Amino acid sequence: ISEGIATIVLKRLADAQADGDRIYAVIKAVASSSDGKGLSMTAPSSSGQKRAFNRAYAKAGFSPQTMRLYEAHGTGTVAGDRTELETISSLLREHQVSRPSCVLGSVKTIIGHTKSAAGVMGLIKVALSLYHKVLPPHRNVENPLNPLTAEDSPLYLLKEPSPWLAHPDYPRRAGVSAFGFGGTNFHAVLEEDLGQVKDTALGANTWSHELFVWRASTPEALT
């Protein structure tokens with residue numbers, strides 16, 4: 001990303017590995033759906049959105065229960081945001097996710113609605129989050145919608161960046177949604193790449209070592 005221009009290189013994973021490319025994320029699946037005839041050209045449909053989600057995770061071959069980050073389309077409208085929130089919450093609950101375990105965010109709260117580039121910017125944000133193993137914060141939101149503040153909500157917001165700790169049973173995974181005019185729904189499922197040697201930890205070039213000191217009265221207690 002340079003001077004307001006974002007470039008994404010898409011490549012078959014095997015080709016990228018063979019060429020020694022730096023792989024920011026692996027796209028496991030992309031799916032779409034259409035709401036068909038609706039109330040208006042911009043009215044959101046939960047059933048249409050969920051159809052795109054189900055198709056994406058069926059194609060990816062794993063449950064959305066394993067997702068730890070969801071990048072929302074985020075229309076910025078009451079109806080659109082509430083519909084999207086209820087859709088993803090319903091999907092996670094259907095897969096036995098009943099506690100806050102998936103971080104919710106939308107890059108639009110930082111850069112605004114960039115029209116046709118909005119989905120691509122969300123994809124870049126998630127790819128960088130996977131690469132750096134950091135769960136990103138959600139900025140410029142003071143009053144979250146009620147479904148998000150419920151104790152049993154599977155989604156939650158972060159005010160500050162958080163280390164993205166790996167799950168012992170599966171890689172880091174995230175979903176990215178983009179919805180368009182006329183009831184078009186798209187969802188992409190991304191996963192971290194485990195097949196290459198990663199760069200050193202973020203910031204290690206300026207802070208290369210960490211000192212940990214423990215104190216105890218006996219060697220046994222220290223151990």
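Of the 223 residues of the protein chain, 36% count as buried. The model is a predicted one. The exercises below work through its elements, charges, spaces and backbone.

**Exercise 1. Overall layout**

State how many helices and strands the protein chain has, and give the span of its C-alpha trace.

Solution.
- Step 1. Take the secondary structure. The protein chain has seven helices and eight strands.
- Step 2. Take the extent. Along the principal axes, the C-alpha trace spans about 75 × 45 × 35 Å.

**Exercise 2. A buried acid**

Find which helix holds Glu 84, then work out what surrounds its side chain.

Solution.
- Step 1. Place the residue. Glu 84 sits in helix α3, residues 78-94.
- Step 2. Look for a salt bridge. Glu 84 is buried and has none.
- Step 3. Check the nearest side chain of opposite charge. That is Lys 108, 7.4 Å away. A salt bridge needs a nitrogen of Lys or Arg within 4 Å of a carboxyl oxygen, so this pair does not qualify.
- Step 4. Turn to polar partners. The side chains of Glu 84 and Tyr 70 make a polar contact of 2.7 Å.
- Step 5. Add the backbone. A polar atom of the Glu 84 side chain lies 2.7 Å from the backbone nitrogen of His 73.

**Exercise 3. Salt bridges between β7, β8 and their flanking loops**

Count the salt bridges in the whole structure, then analyse the pairs made by Arg 172 and Arg 173.

Solution.
- Step 1. Count. The whole structure holds eight salt bridges.
- Step 2. Take Arg 172. Its partner is Glu 192, with the closest N and O atoms 2.9 Å apart.
- Step 3. Place this pair. Arg 172 is in the loop between β6 (162-163) and β7, while Glu 192 is in the loop between β8 (184-191) and α7 (219-222). The two residues are 20 apart in sequence, so the pair ties those parts together.
- Step 4. Check burial. Arg 172 has 11% relative accessibility and Glu 192 has 6%. Buried means under 20%, so both residues count as buried.
- Step 5. Take Arg 173. Its salt bridge is with Glu 191, and the closest N and O atoms are 2.7 Å apart.
- Step 6. Place the second pair. Arg 173 is in strand β7 and Glu 191 in strand β8, 18 residues apart, so distant parts of the chain are linked.
- Step 7. Check burial again. Arg 173 is buried at 10% relative accessibility. Glu 191 is buried too, at 9%.

**Exercise 4. A shared-partner network**

Identify the network that contains Lys 11, and decide whether Lys 11 is buried, partly exposed or exposed.

Solution.
- Step 1. Name the members. Salt bridges with shared partners join Lys 11, Asp 19 and Asp 21 into one network.
- Step 2. Take one link. Asp 19 and Lys 11 form a salt bridge, with their closest N and O atoms 2.8 Å apart.
- Step 3. Classify. Lys 11 has 42% relative accessibility, so it counts as partly exposed.

**Exercise 5. Pocket and cavity**

Describe the volume and lining of the largest pocket, then do the same for the largest cavity.

Solution.
- Step 1. Pocket volume. The largest pocket holds about 660 Å³ of space.
- Step 2. Pocket lining. It has 20 residues, and the closest to the pocket centre are Ile 8, Val 9, Arg 22, Tyr 24 and Ala 25.
- Step 3. Pocket elements. α1 (13-18), β1 (26-34) and α5 (118-132) each give two or more lining residues. The largest share, four residues, comes from α5.
- Step 4. Pocket classes. The lining has 16 nonpolar, one polar and three charged residues.
- Step 5. Cavity count. There is one cavity of 30 Å³ or more.
- Step 6. Cavity volume. The largest cavity holds about 60 Å³.
- Step 7. Cavity lining. Among its residues are His 73, Lys 108, Gly 122 and Val 176. α5 and β7 (173-180) each supply at least two.
- Step 8. Cavity classes. Five lining residues are nonpolar, five polar and two charged.

**Exercise 6. Positive phi**

Locate Gln 96 and Lys 133, and give the phi of each.

Solution.
- Step 1. Recall the background. Most residues other than glycine have a negative phi.
- Step 2. Take Gln 96. Its phi is positive, near 60°. Gln 96 lies in the loop between α3 and β3 (102-105). At 63% relative accessibility, it counts as exposed.
- Step 3. Take Lys 133. Its phi is also positive, near 60°. Lys 133 lies in the loop between α5 and β4 (134-135). Its relative accessible area is 29%, so it is partly exposed.

Notes: Residues are numbered from 1 along each chain as its sequence is written. This is a predicted model: local features need pLDDT of at least 70, side-chain atom pairs count only at pLDDT 80 or more; totals for chains, interfaces and linings use all residues. Side-chain values use heavy atoms; hydrogens and water are left out. On a 1 Å grid over the protein atoms alone, a cavity is a set of points where a 1.4 Å probe fits but cannot get out, and a pocket is an open set with protein on both sides within 12 Å along at least five of seven lines; lining residues have an atom within 4 Å of a point. Grid points are joined across faces, edges and corners, and a volume is the space filled by probe spheres set on the points. Ala, Val, Leu, Ile, Met, Phe, Trp, Tyr, Cys and Pro count as nonpolar, Asp, Glu, Lys and Arg as charged, and the others, Gly among them, as polar. Buried means under 20% relative accessible area, exposed over 50%, partly exposed in between (1.4 Å probe, protein chains only). Lys and Arg count as positive and Asp and Glu as negative; His and the chain ends are not counted. A polar contact is a pair of N or O atoms within 3.5 Å; within protein, one must be able to donate a hydrogen and the other to accept it, and residues adjacent in sequence count only if both atoms are side-chain atoms.
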